[in-house]
Amino acid sequence: GMAAELLLLLLVAAGPGPGWAGAGRERRDALREELLLSPLPTGDVAATFQFRTRWDADLQRGAVSHYRLFPKALGRLVAALGVRELHLALTQGFWRTRYWGQPPLQAPAGAELWVWFQPTVTDVDKSWKELSNILSGIFCASLNFIDSTNTVIPTASFKPLGLANGTDHNLLRYAVLPREVVCTENLTPWKKLLPCGSKAGLAVLLKAERLFHSSYHSQAVHIRPICRDASCLAVSWELRQTLTVVFDFFSSGQGKKDWSLFKMFSRTLTDTCPLASQSKVYVDISPKNKEKELLEVSPTPTSVHEAIVQGEKKTYAVYDLLSPSLFNTSRSLNVQLKWTRPQDSSEMPIPTLHAQRYVGGYGLQTGEICTLIYNTHPYRAFPVILLETVPWYLRLYVHTLTIITKGKENKPSYIHYQPAQDRRRPHLLEMLIQLPANSVTKITIQFERALLKWTEYPPDPNHGFYVGSSVLSALVPSVTAMKDMDVEQSPLFASLFPSSDGSSYFVRLYTEPLLVNLPTPDFSMPYNVICLTCTVVAVCYGSFYNLLTRTFHVEEPSRGGLAKRLANVIRKFRGVPPL
Amino acid sequence: FQDQAEQFFRSGHTNNWAVLVCTSRFWFNYRHVANTLSVYRSVKRLGIPDSHIVLMLADDMACNPRNPKPATVFSHKNMELNVYGDDVEVDYRSYEVTVENFLRVLTGRIPPSTPRSKRLLSDDRSNILIYMTGHGGNGFLKFQDSEEITNVELADAFEQMWQKRRYNELLFIIDTCQGASMYERFYSPNIMALASSQIGEDSLSHQPDLGIGVHLMDRYTFYVLEFLEEIHPASQTNMNDLFQVCPKSLCVSTPGHRTDLFQRAPQHVLITDFFGSVRKVEITKETLPLDRDVAGLESRFPEEELATEPLKYAEQLPVAQIIHQKPKQKDWHPPGGFILGLWALIIMVFFKTYGIKHMKHVF
């Protein structure tokens with residue numbers, strides 16, 4: 001009795017064991033916000049905003065009813081529809097990899113949505129349809145047009161970016177709407193998901209008039225489960241909202257390469273969001289060639305941070321908005337970038353992997369899709385997965401698929417082709433191609449254009465029909481080996497893709513979307529045909545009917561009016577014949 | 001005291017909705033989008049929230065590649081007033097604006113997965129403002145250059161709304177050529193209608209902007225916007241003033257209106273009954289004690305079970321695994337009717353040609 005009581009006391013005093021997460025402890029959520037300014041080789045400047053809300057709660061289990069920083073609209077979506085990962089991107093413009101370098105995170109033109117569902121979801125297609133409808137209401141985008149004619153199930157690309165204990169590709173859905181327009185009505189609800197809205201912190205810079213007057217504007221929402229701590233025994237949910245915008249050297253920069261926050265956004269930073277635990281501005285001051293100090297930033301940064309990002313060693317000037325010394329001298333922070341020495345324009349660095357896609361051929365019957373993939377690394381070869389989704393009305397002929405590298409045929413190590421079904425499913429072509437060092441790979445496939453039914457044409461059919469961008473996923477060899485880093489300490493732009501091996505880094509590129517013309521009928525023809533036919537019928541039938549039913553009678557000649565009779569009387573007197 | 005009670009029951013509506021539709025596509029129809037957005041702006045300013053506005057724009061002018069000032073839509077030349085603003089929510093955009101979707105919004109027959117922001121959730125105490133603009137003719141309104149809605153269809157849709165008690169009072173404003181033809185077939189009670197021109201007349205546009213290159217607004221809506229800019233939530237301006245808004249000298253066409261179906265007299269109908277969201281507020285001095293412990297709620301989370309071994313991230317490009325991936329086994333389907341019929345025909349022909357005696361060799 002006594003011994004048992006003592007044992008019980010000891011157990012209680014020892015506290016909850018490792019099997020318990022501590023019922024009664026608060027679920028903490030934290031917000032980190034970050035802005036990365038990177039000048040591009042052509043004189044333009046890219047600004048990437050990232051807002052990351054991390055919540056130490058398991059959204060899948062248990063009734064969560066109190067939402068603080070994590071937006072309720074998205075939290076309930078994840079719980080109700082069994083979503084494991086969600087990535088939605090709305091983009092206007094195209095990232096020119098050849099001239100601007102590898103993007104930190106690229107998205108194709110239009111709207112792109114890819115989702116991994118939990119294994120407990122029984123009908124994935126039904127959840128996918130509901131999800132796209134709900135998201136179309138939240139983001140004011142026409143995502144309700146996502147249906148089976150533009151959804152595909154990739155088999156090798158788009159592995160989950162969050163925690164996963166199995167990758168059954170039946171739980172993955174991917175869709176692209178290349179015709180989707182992105183404007184202020186998509187930015188407004190995106191800003192409303194931020195804890196501080198657009199009233200404090202870095203989000204005050206997000207004004208639509210400046211953001212849409214740019215070469216590239218991409219806003220995205222990423223939800224995924226991540227490790228709660230280094231031991232990775234519990235799951236936290238992470239919501240990342242990213243916005244990348246590239247300001248053009250000629251239109252926004254007025255022809256000058258010097259940039260500042262005021263020149264880009266017509267606003268400066270005045271205070272921080274009180275709900276953010278970290279709020280920083282990074283400026284990429286890495287030396288492009290051997291000389292240092294090519295780019296000068298003012299005011300003086302709080303610190304300088306060195307990191308290996310995308311396989312290269314880069315230096316960043318950091319402005320920590322939460323440090324009290326920053327707003328001591330002036331009430332607002334206007335980061336300015338100035339070039340101390342004029343750049344030599346002939347030394348533009350070429351990225352290791354870039355691609356291009358175009359439509360070949362002539363006429364409205366056949367055509368050819370050509371993709372060119374460049375590997376500019378001098379001695380390393382690496383594999384790349386190419387995912388192409390082509391709508392059903394461009395009928396691909398797979399026997400015409402040719403892959404040529406350096407004049408010889410290059411056979412892919414893995415190929416998955418799913419042909420289209422008219423009006424039901426698009427074409428899906430996935431290939432794993434090995435790119436030899438310093439080479440250009442040309443992939444061509446011919447297609448035939450289909451004739452649609454006249455009710456299936458959109459209201460502006462002569463604009464053309466879009467083919468979504470193809471996706472290239474590759475492990476590019478790094479120049480400098482990357483070390484394993486702590487996710488919480490490193491900046492947000494370096495921790496999006498989980499890295500397993502330091503010798504190469506993962507990159508996902510998109511090619512240009514294509515615009516093809518389909519043979520279009522003349523829509524005024526039904527009206528013309530009805531008018532013409534009715535006229536012909538009326539004339540023929542009417543004449544025939546008249547001939548058959550008209551009766552003829554003899555008509556008495558009229559004797560004439562009073563004037564004629566009087567004239568005849570006078571003529572009789574004169575002896576002249578009457579009228 | 002009697003007077004106060006009478007005023008309380010004057011209009012009988014408890015909530016306001018607005019359905020604003022622009023039906024034209026293409027850049028040269030910029031003015032129709034500007035028309036709709038200026039009414040949207042006025043209606044929001046006078047109090048109707050985004051959740052009670054269904055805004056349908058058939059094309060995107062603000063971020064159109066031809067717009068020299070992206071993310072803006074101007075209504076006055078010299079770019080004085082940006083009606084697009086920074087806080088706009090468009091519910092139906094681009095290809096979604098069709099006659100079918102418009103009629104479904106009005107009658108409430110919407111697929112179950114439609115989000116709330118795209119629905120007209122009005123009840124029998126709602127005052128609804130419906131504003132339509134675009135290209136029209138005698139008895140029809142053109143949607144997106146490919147289909148039309150006729151005045152008979154519109155009148156029937158309003159009758160369906162009346163029978164389902166989806167509105168208390170309805171104000172219908174239309175700014176198109178020959179707009180009066182659209183309201184001549186209405187037959188449901190409590191509808192008041194305004195149009196920018198009579199049958200046989202064209203509605204004209206206001207002024208072009210040489211910087212943008214298109215006409216910015218239509219005359220009727222331009223003067224209606226000027227009139228509405230002076231209204232604030234406490235105004236007592238009534239409908240008779242709205243009927244006088246654009247005389248023939250300014251508008252060139254003759255605006256028309258129809259009030260015979262409406263039960264109250266126009267001079268008793270306030271502008272804010274339809275354009276604003278003026279709520280009747282009842283002030284009470286009673287208090288209600290809140291005794292639930294809010295702080296205790298947060299800590300009552302279900303206990304989490306930690307994993308026994310650490311979870312890991314998936315490899316992004318597992319080359320070896322992909323190369324050895326077996327292709328998915330196609331499900332076996334029994335042969336279809338055509339194949340069975342073909343084989344039956346072949347066997348029949350064989351046995352007919354060569355005689356039945358071969359059968360025993362087969363079986």
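**Entry 1: chain B against chain A**

I began with one pair of side chains. Arg93(B) and Glu180(A) meet in a salt bridge, with N and O 2.5 Å apart. I note here that the model is a predicted one.

I then looked up how many salt bridges there are between chain B and chain A. The count is six. For polar contacts I found 20 residue pairs across this interface, with both residues at pLDDT 80 or more.

Next I asked which element of chain B gives the largest share of the side that touches chain A. Helix H11 of chain B, residues 319-323, does so with four residues. I also sorted the residues on this side of chain B by kind. They divide into 24 nonpolar, twelve polar and 16 charged.

I turned to the extent of the contact. On chain B, 52 residues are in contact with 73 residues of chain A. The size of an interface is often given as the accessible area lost when the parts come together, so I looked that up too. Chain B and chain A bury about 5400 Å² between them. Carbon and sulfur atoms give 58% of this area.

**Entry 2: the two domains of chain A**

I moved on to chain A by itself. Domain 1 covers 30-256. Domain 2 is written as two stretches, 353-482 and 498-516. I took the centres of the two domains over C-alpha atoms, and they are 23 Å apart.

How many residues of each domain are in contact with the other? I found 29 in domain 1 and 30 in domain 2. The area buried between domain 1 and domain 2 of chain A is about 2400 Å². Of that area, 60% is on carbon and sulfur atoms.

Between these domains I counted one salt bridge. It joins Arg179(A) to Asp460(A), whose closest N and O atoms are 3.0 Å apart. I also found eight residue pairs in polar contact across the domain interface, both residues at pLDDT 80 or more.

I listed the elements that give two or more residues to the side of domain 1 that touches domain 2. They are helix H3 (97-100), strand S4 (110-117), strand S5 (151-152) and strand S6 (172-177) of chain A. The residues on that side of domain 1 divide into 15 nonpolar, nine polar and five charged.

**Entry 3: Asp29(A)**

I picked out a single residue of chain A. Asp29(A) lies in strand S1 of chain A, residues 29-39. Is Asp29(A) buried or exposed? Its relative accessible area is 12%, under the 20% cut-off, so I noted Asp29(A) as buried.

I checked the polar partners of its side chain. The side chain of Arg68(A) makes a polar contact with the side chain of Asp29(A) at 2.5 Å. The backbone nitrogen of Leu69(A) is 3.2 Å from a polar atom of the Asp29(A) side chain. Not counting residues up to four places away in sequence, Asp29(A) touches Arg54(A), Trp55(A), Arg68(A), Leu69(A) and Phe70(A).

**Entry 4: Leu141(B)**

My last stop was in chain B. Leu141(B) is in strand S6 of chain B, residues 140-143. I found Leu141(B) buried, with a relative accessible area of 0%.

I looked up what surrounds it. Neighbours within four places in sequence were left aside, and the contacts of Leu141(B) include Thr23(B), Met132(B), His135(B), Ile149(B), Ile174(B) and Met182(B). I also checked Cys177(B), which is 36 residues from Leu141(B) along the chain. The C-alpha atoms of Leu141(B) and Cys177(B) are separated by 9.0 Å.

Note on methods: Residues are numbered from 1 along each chain as its sequence is written. Chains are lettered from A and ligands numbered from 1 in the order in which they are written. This is a predicted model: local features need pLDDT of at least 70, side-chain atom pairs count only at pLDDT 80 or more; totals for chains, interfaces and linings use all residues. Side-chain values use heavy atoms; hydrogens and water are left out. Domain bounds come from an automatic or database domain assignment. Contact means heavy atoms within 4.5 Å. Buried area is the accessible area (1.4 Å probe) that two parts lose on being put together, summed over both. A salt bridge is a side-chain nitrogen of Lys or Arg within 4 Å of a carboxyl oxygen of Asp or Glu. A polar contact is a pair of N or O atoms within 3.5 Å; within protein, one must be able to donate a hydrogen and the other to accept it, and residues adjacent in sequence count only if both atoms are side-chain atoms. Ala, Val, Leu, Ile, Met, Phe, Trp, Tyr, Cys and Pro count as nonpolar, Asp, Glu, Lys and Arg as charged, and the others, Gly among them, as polar. Buried means under 20% relative accessible area, exposed over 50%, partly exposed in between (1.4 Å probe, protein chains only).
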